[in-house]
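Q: I am new to this structure. Please take a close look at how its two parts meet, and then set that in the context of the whole chain.

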Amino acid sequence: LQNAELGKRAPRWIRDNEVTMCMKCKEPFNALTRRRHHCRACGHVVCWKCSDYKAHLEYDGNKLNKVCKDCYHIIIGCTDSEEKKKKGILEIESAEVSGNSVICSFLQYMEKSKPWQKAWCVIPKQEALVLYMYGAPQDVKALATIPLLGYTVDDTPRSADLPHSFKLTQSKSVHSFAADNEELKQKWLKVIHLAVKGETPECQNE
């Protein structure tokens, strides 16, 4: 929702399973301490600390509703200049880059000898040589970024790997990825082969 519409229209609720961290303070949710709450104004999933605000919402007959800090400041009309400070490189919202990306999808990811884990991977158009990895499609902070320039691509999986996997290696760092199927793997490779040479890939998200 645009700022002017906050509280006037019911928001689209982001589903709990679309995020692994609070969409405001970026603290990871865990089973015990961080229950997920929804801001009734913007629909974002936030932790209890960030949902500890209340504002009158027009769409709900001006009743007091739980809202997040950002919406609270917008609705009561006070701006928080502190919030405007520059976001760090990892703090680009996944939904923001996924909507404007060369390619994005879930991939399995493995680093060194850790177990495979599912990550939402995105190569944004405005930074087509960087791979962003998120825990889930709506997360507001990336878990990691890999600047692809100069990496070597190895796309022949070894028997121990997942079937549709490929590796990115550069001196000592090795990142292993696996797609759900061969078609998706080839889409990623098409983009990555260009990015490692410093060439801007074409959009694959059609």
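**Where the domains meet**

A: Seven residues of domain 1 touch seven residues of domain 2. This is a predicted model, and the values here are computed from it. Together the two domains bury about 680 Å² between them. Carbon and sulfur atoms account for 68% of that buried area.

Where does each domain run? Domain 1 covers 16–76, and domain 2 covers 94–197. Their centres, taken over C-alpha atoms, lie 31 Å apart. For scale, the C-alpha trace of the chain spans about 60 × 35 × 30 Å along its principal axes.

Now the elements. The chain holds three helices and 11 strands. Its order along the sequence is β-β-β-β-α-α-β-β-β-β-β-β-β-α. So read from the start, the pattern opens with four strands, then has two helices, then seven strands, and ends on a helix.

Two residues in domain 1 deserve a closer look. Domain 1 takes in 16–76, and the residues are K26 and N62. What is unusual about their backbone? K26 has a positive phi of about 70 degrees, and it is not a glycine. N62 is not a glycine either, and its phi is positive at about 60 degrees. Most residues other than glycine have a negative phi.

Where do they sit? K26 is in the segment before β1, a strand that runs 37–38. N62 is in the loop that links β3 (53–57) to β4 (63–67). Are they buried or exposed? K26 is partly exposed, with a relative accessible area of 22%. Buried would need under 20%, so K26 falls outside that class. N62 is partly exposed too, at 46% relative accessibility. Exposed would need over 50%, so N62 does not reach that class.

Step back to the whole chain. Of its 206 residues, 40% are buried. Its accessible surface comes to about 11,600 Å². Carbon and sulfur atoms make up 51% of that surface; for the area buried between the domains, the share is 68%.

Contacts also reach along the sequence. Take those between residues at least 6 apart in sequence: 48% of them join residues at least 24 apart.

Last, the charges. The chain carries 31 positive and 26 negative charges. The mean positions of these two sets are 4 Å apart.

Conventions. Residues numbered from 1 in each chain as written. Predicted model: local features only at pLDDT ≥ 70, side-chain atom pairs only at ≥ 80, totals over all residues. Heavy atoms only, no water. Buried < 20%, exposed > 50% of the residue type's maximum accessible area, 1.4 Å probe, protein only. Contact = heavy atoms within 4.5 Å. Areas by Shrake-Rupley, 256 points an atom, 1.4 Å probe, with all protein chains shown as cover. Lys, Arg positive; Asp, Glu negative; His and termini not counted. Charge placed at Lys NZ, Arg CZ, Asp CG, Glu CD. Domains from an automatic or database assignment. Buried area = accessible area lost by both parts, 1.4 Å probe.
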